[in-house]
Structure formats: C-alpha cells, structure tokens
Amino acid sequence: MSLTFESWRLKARDLLIKGVPPNQTYWDESPSLFSFEETALFAPVPHPKVPKEFMELAEAVACARDPERWALLYRLLFRLNHENQNLLNIVVDEDVHKAKLLAKSVRHDIHKMHAFVRFKKADIDGVETYVAWHKPEHLILPLASPFFVRRFGDKPWSIFTPDGSAHWNLQSLSFSEGMPQNEFDHEDPFDEVWKTYYRSIFNPARLKIKMMKAEMSPKYWSSLPETEIIHELIRNTPKRLQDMAEAPRFKAEVPKTSSWEELRTAALSCKACPIAQQANHTVFGEGPLQADLMIVGEQPGDEEDLAGKVFIGPAGQILSQALALAGIDRESIYVTNAVKHFKWTQGTESKARIHKKASGAEMHACKPWLESEIALVKPKVILALGVTAGTALYGRLVQIQSERNKVNTSSAFAKSLTISWHPSAILRAFNDDDREQKMKDLVEDLKKAHHLSQT
Ligand code: URA
C-alpha cells in the first residue's frame, strides 16, 4: 500500500499540530516509512489553517509521479501556517512554482485519460463488463475515475493501469492492484466501432501530423483501437483531398430561368450552405440588368443582412464615395457579392456580430448565384473588389496590389475582368496614408473599369 492523499493529510495535520518543521520530517511512498525527529520543535499549531486553494492544489500534486511531492506539500502547509498565509499567491516562490507546475501536469494527464480511455466489452465471471487499459503519466486513477462514473455509470466497468485499477459495479467505486499491458488481452467488436467512428471524423484537409501527436500522444497509441488505422488514413490523405476538391460538399440549386425576379426569389430561400442558418436575409445583387459594368464584393455585412440590400453599410458608403469621385452613377451599374449571406461570429465583449470570412466551400456553394447574375446581365466589364470576389472570379488566389493594374481578357465571365481594393480594406487601413492611397487606387480602378465598359 502506498501513501494516499488522505493518509498524508492526517499525518501532516498531526505534525503541524505538534510543531514539527519540514526539515525534520522524512516522507516515503510507504506510510510506515514516514518518520520525524522529535527535536527542535516549533510552536504547536492547535488549529491549523488550510486554505481551500491549498487543498485543491495538494489533491492534484499528490497524484504527481514525483517522490518529493509529500515533502513539498508538507513544506507548503507548514509555511502557510508559520510564514505567510498568502504564500500561494507568490508565484516566484520555488515551492509554490514547483507545486503549480506539478498540478498543471497532473490536470493535463487527467484530461488525456478522460479523452483516451476506450472500453471493450468483456465477460467477467458471467457479468458483461466494460474494460479498458490505460497508461497515465501520473498516479491519477482516483482523481480521474469519478468522471467515468458520471459518464458511464449505467454499466459495470474496470479501468486497469500499471499502477492500479478502478472498478465500478453500478453502486460503488473501488480500487485494486494494477495490471501490465501484456496481461490485458481483450479484443471485441467495439474496436471496429471506434475505427469506423475515427474514419468518419478524420478530416484529411486538417491533417497536421505534429499537432496530432501533440493532442494524441503516441504513448497512448498502443491502447487505442483507432490508432491501428492512423497510418492507413495518413497514406490515403492526398487521394481523399483530391476527391474532396472534386466533389464539393454543397452547391446552390439555381433554377433555369432568364427572369431576374425568379432567380432572386429562389435565392431568398437558399439553404445550400451553413451560413444561411445564421443570416436574416439573402442579399442578392441590384442594378440595371443592361449594365455594362458589374461590381462584385465579398459578402453582405451586418447592415446589409438586416436590410436585405447590397452595400449599404460602412463599406457601402465608401463604395458610393469612390463611385462619386470617379464620376460614376451608382444607379447605372450592377452591384453584387460573391457570397449572398452574412457570415458572422459573436463579439467577445460586445453583442456586435463580427464579420467572418466565408470558407472556400461556402464560396463555392454560393457561386451558381453569381454565375446566374452574370449570365443574365452580361456585363462587358466586371470589377472584383477584394480577395474573396477575386478568388471566385479568377478561380485562384489573387494578389490585389500586383494585379489591380492588369485587365484579364480571357475570363469566361466577361470581356474584361479587373480587380481592386475592397472598401473595407480602406476602412481598416493601417494609417491615414494607407487609407488615402487605397481610396485613390479604388477611384482610379473604378474609372478604368467604367471607361473599358464604355468602349
Ligand atoms: N461588403 C461587401 O462585400 N458587400 C456588401 O454588400 C457589404 C459589405
């Protein structure tokens, strides 16, 4: 039997009451080996003070695989009572620092155990029992086990580790000796369930082997059924990525019609991608259907989403100013977006809806609406504003600074395709000079695009 937190607590309390200083105590894993010298005692502490914060820290530190932990805890307890009641707030104190580091490592280990224990079905003495083997870094079984009672309390289970085992019989939790991995030999159909599940959640587009090893450390792999298939999944990643690229997950269904009203009405109920769920309105394009110039932005913002109208918020005002400076009547051009719904996330400090960039898949899903608008309006010139519109129209990632002066004459969408800064890049400019320059560029690009559309 090794020393438990409870037996340490009782011993430590006894020593503290007697006034035994830490340097006269000797702690060992075995309670019987604990000893102290009864000389040079400090003043007795008849009513030891044990702050709640210390108890929480001590409970975790007691699980650390560190032979010094019991002595460290007693030193802290003694110093809290004789030296400074606020000792735990002094993070640069060597004892406090070490205890906090150990507690952090133990909590991390508990988190990993909760994530990586995999039960297998077994018949133990005629009782259907769920069993698992796990190798934690620290001695965390007592602290980590109540989680499994809460989570899997409706089935009897046992968790075996090299240092000890925990058993739940539907009524109480008990602990016994540990078990080495080679004695734990259970194969069951449950393994296949885990593998199937893992295959289904494995996303090759997110494959980062380094991160995977950090999250699911290879030291746990031997007890996880799904790790048998990790190498197979990694090998197949390039092929699956290609398949994913060729088979986009969602795509808007656009009616075959030459009526703009019908198109817009159909777009209003589009639910092809998840952004639709969080938006108030589908914001379709607006402007004369005979326009020679089409401007394509990114996606509606907060105000556009509430009103269902394109480019009316702060970015819309910048666009209107730039058009006015370029001498272009906004009513004469068709203005739309690459993505028709507002994608947003809740601000952490305010209730504001913060703009979030649409993913490639969402942009792809929405593209049929843009294509149908272009097919209907047949503009001579399209001016893309910003990277998202550029990507949708050029079919590749664009660099605005280096491409804004070039006219693409081989686009399938219009005779001339050009690009410029998105008005929000002007709103978010680094400084006044940057803002002024980008506004100047936008006005110049609008003028050129307009001129091209008139020729
Ligand atoms: N930004 C855009 O790209 N489009 C809008 O309609 C509004 C803001």
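This text describes the nonpolar core and the ligand site of a predicted model.

The core comes first. In soluble globular proteins, nonpolar side chains tend to be buried together. Here the largest nonpolar core has 47 residues. Within this core, Trp 8, Phe 54 and Tyr 74 have the most contacts. Both helices and strands contribute to the core: two or more residues come from each of α1 (5-18), α2 (52-61), α3 (69-82), α4 (94-116) and α5 (141-152), and likewise from β4 (127-133), β5 (157-160) and β6 (165-168). The largest share, eight residues, belongs to α3. In terms of domains, the core takes at least three residues from domain 1 (5-112) and at least three from domain 2 (117-183).

The ligand is found further along the numbering. Around the ligand stand Gly 297, Glu 298, Gln 299, Pro 300, Gly 301, Glu 304, Val 310, Phe 311, Ala 315, Asn 337 and His 422. Sorted by class, this shell holds five polar, four nonpolar and two charged residues.

Three of the residues in this shell can be followed down to single atoms of the ligand. Glu 298 takes part through its backbone, where a polar atom is 2.7 Å from an oxygen atom of the ligand. Asn 337 takes part through its side chain, with an N or O atom 2.7 Å from a nitrogen atom of the ligand. His 422 also uses its side chain, and a polar atom there lies 2.6 Å from a ligand oxygen atom. On its own the ligand has 240 Å² of accessible area, and the protein covers 94% of that area.

How values were computed
Residues are numbered from 1 along each chain as its sequence is written. This is a predicted model: local features need pLDDT of at least 70, side-chain atom pairs count only at pLDDT 80 or more; totals for chains, interfaces and linings use all residues. Side-chain values use heavy atoms; hydrogens and water are left out. A residue is near a molecule or strand if one of its heavy atoms lies within 4 Å of it. A polar contact is a pair of N or O atoms within 3.5 Å; within protein, one must be able to donate a hydrogen and the other to accept it, and residues adjacent in sequence count only if both atoms are side-chain atoms. Accessible areas come from the Shrake-Rupley method with a 1.4 Å probe; for residues, only the protein chains shown count as cover. Ala, Val, Leu, Ile, Met, Phe, Trp, Tyr, Cys and Pro count as nonpolar, Asp, Glu, Lys and Arg as charged, and the others, Gly among them, as polar. A nonpolar core is a set of buried Ala, Val, Leu, Ile, Met, Phe, Trp, Tyr and Cys residues joined through side-chain atoms within 4.5 Å. Buried means under 20% relative accessible area, exposed over 50%, partly exposed in between (1.4 Å probe, protein chains only). Helices (H or I, at least four residues) and strands (E, at least two) are DSSP runs, numbered from the N terminus. Domain bounds come from an automatic or database domain assignment.
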